[in-house]
Amino acid sequence: MPEAPPILQLDSASLAAAALALQEGRLVAFPTETVYGLAADATNDKAIAALYAAKGRPQFNPLIIHIAEPEEARDLVEVNEWAESLMLAFWPGPLTLVLPRLKDCPVSLLAGAGLDTLAIRCPGYNGARNLISSTGVPLAAPSANKSGTVSATTPQHVAEGFSADEVEMILAGGKCVVGLESTVLDLTGETPVLLRPGAVLQDEIERTLERRIEIAGDTEKPKSPGQLKSHYAPSLPVRLNVKTPEEGEAFLAFGPALKAEHNLSEAGNLLEAAANLFALLRALDNPKYKAIAVAPIPNQGLGLAINDRLERAAAPRG
Ligand code: TXA
Ligand code: MG
């Protein structure tokens, strides 16, 4: 049995240690009013890649970006009128708002799964906000459970799921008062859409906005964000499993043997490849090329998520 991460009571000493670990790119589990989150520095691609690896997700699902003060949302996303009203009514609290990402948004493209929107949340639990403000950067934090298992609401749940190699420490703040993940509301379209129900209820949102909202699944909208039309795909065609690129193609290599201008990871390291993926796809999406040709990526560990994302980028355009 691998060793479980240490559980530390949340106090000023453990907060300082946790903030330092996060600044150095490591992962820390922490309590919020909804469920325990597994946090990484949202601006650090490598830390985000490690977070996906620890979660064991076969896909890059976009992560919720946690901020210490409602006003900090303005540094990351376009805050529209709906968001203004909801922030005033429900933040800090268990409501996540999906908004358009600012052009100069410092959050890792990988954390947002390459989308041009970001999910932002200002948690209600003071200890959580103290951790974010001590770290000094927004924190990406999915629920602190392995993919496919239920969300963790106690420090012991978290300890059962992760080893000390994956997670630096678990900050303990007792049982989560809500116990259910936050409500997720998409404010990027013509109508607000409830993507995930939670403690902030549909009718409270409708009363605040003085209008009806849609429920994902009510319409023909696909449920999983991975399927969303807005999901980033390069403008150029993408060709996969390419060993030798054609004339005029931009080649995205992987591994040491491949001499190429652009390499996901010369060392053949999947963590590094994940961290570089979205930035390199964007960099190569230039009309001076006819297509982007991508080298084969091993289909194991984080490679599963990288290949999932590449297959979406290469899929025929609708
Ligand atoms: O209560 C919570 O929200 C917890 C705590 C730790 O804050 N976090 C959490 O994160 O539940 P996670 O990663 O397990 O769930 C994130 C949800 C997913 O349903 C994801 O699809 C959605 O938020 N999401 C994130 N970014 C999105 C985006 N840009 N567009 C649409 N949905 C998004
Ligand atoms: Mg989850």
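Where in the chain does E33 lie, and between which strands? In this predicted model, E33 is found in the loop that joins the stretch between β2 (residues 28–30) and β3 (residues 37–41).

**E33 and its surroundings**

Although E33 belongs to a loop, it is buried, because its relative accessible area is 8% and a residue counts as buried when this value is under 20%. The side chain of E33 makes a polar contact with the side chain of R121, at 3.0 Å. When neighbours within four places in sequence are left aside, E33 is in contact with G93, P94, R121, P123, G124, Y125, C176, V177, V178 and G179.

**The shell around ligand 1**

R121, the partner of E33 in that polar contact, is also one of the closest residues to ligand 1, together with T34, H66, T117 and S182. Altogether 20 residues surround the ligand, and by class this shell has 10 nonpolar, six polar and four charged residues. At least two residues of the shell are supplied by each of β4 (64–66), β6 (117–121) and β10 (193–196), and the largest share, three residues, comes from β6.

Three side chains with a polar atom close to an oxygen atom of ligand 1 are set out in the table.

| Side chain | Partner | Distance |
|---|---|---|
| T34 | oxygen atom of ligand 1 | 2.6 Å |
| R121 | oxygen atom of ligand 1 | 2.9 Å |
| S182 | oxygen atom of ligand 1 | 2.6 Å |

Of the 690 Å² of accessible area that ligand 1 has on its own, the protein covers 92%.

**Helix α8 and R309**

A further part of the model to look at is helix α8, which runs from residue 302 to residue 314 and has 13 residues. From its first C-alpha to its last, α8 reaches 18 Å, which is close to the 18 Å expected at 1.5 Å a residue. The buried residues of this helix are L302, G303, A305, I306, N307, D308, R309, L310 and A313, and what covers them includes α2 (45–55), β12 (238–239), α7 (270–284) and β15 (291–294).

Why is R309 described as buried? R309, which is found in helix α8, is described in this way because its relative accessible area is 3%, whereas the cut-off for a buried residue is under 20%. R309 also shows how the folded chain brings together residues from separate parts of the sequence, since R309 and F60 are 249 residues apart in sequence and 7.1 Å apart in space, from C-alpha to C-alpha.

How values were computed: Residues numbered from 1 in each chain as written. Chains lettered and ligands numbered in written order. Predicted model: local features only at pLDDT ≥ 70, side-chain atom pairs only at ≥ 80, totals over all residues. Heavy atoms only, no water. Near = heavy atom within 4 Å. Polar contact = N/O pair within 3.5 Å; in protein donor to acceptor, adjacent residues only side chain to side chain. Areas by Shrake-Rupley, 256 points an atom, 1.4 Å probe, with all protein chains shown as cover. Helix = DSSP H or I, 4+ residues; strand = E, 2+ residues; numbered from the N terminus. Nonpolar A, V, L, I, M, F, W, Y, C, P; charged D, E, K, R; others polar. Expected span 1.5 Å × (residues − 1). Buried < 20%, exposed > 50% of the residue type's maximum accessible area, 1.4 Å probe, protein only. Contact = heavy atoms within 4.5 Å.
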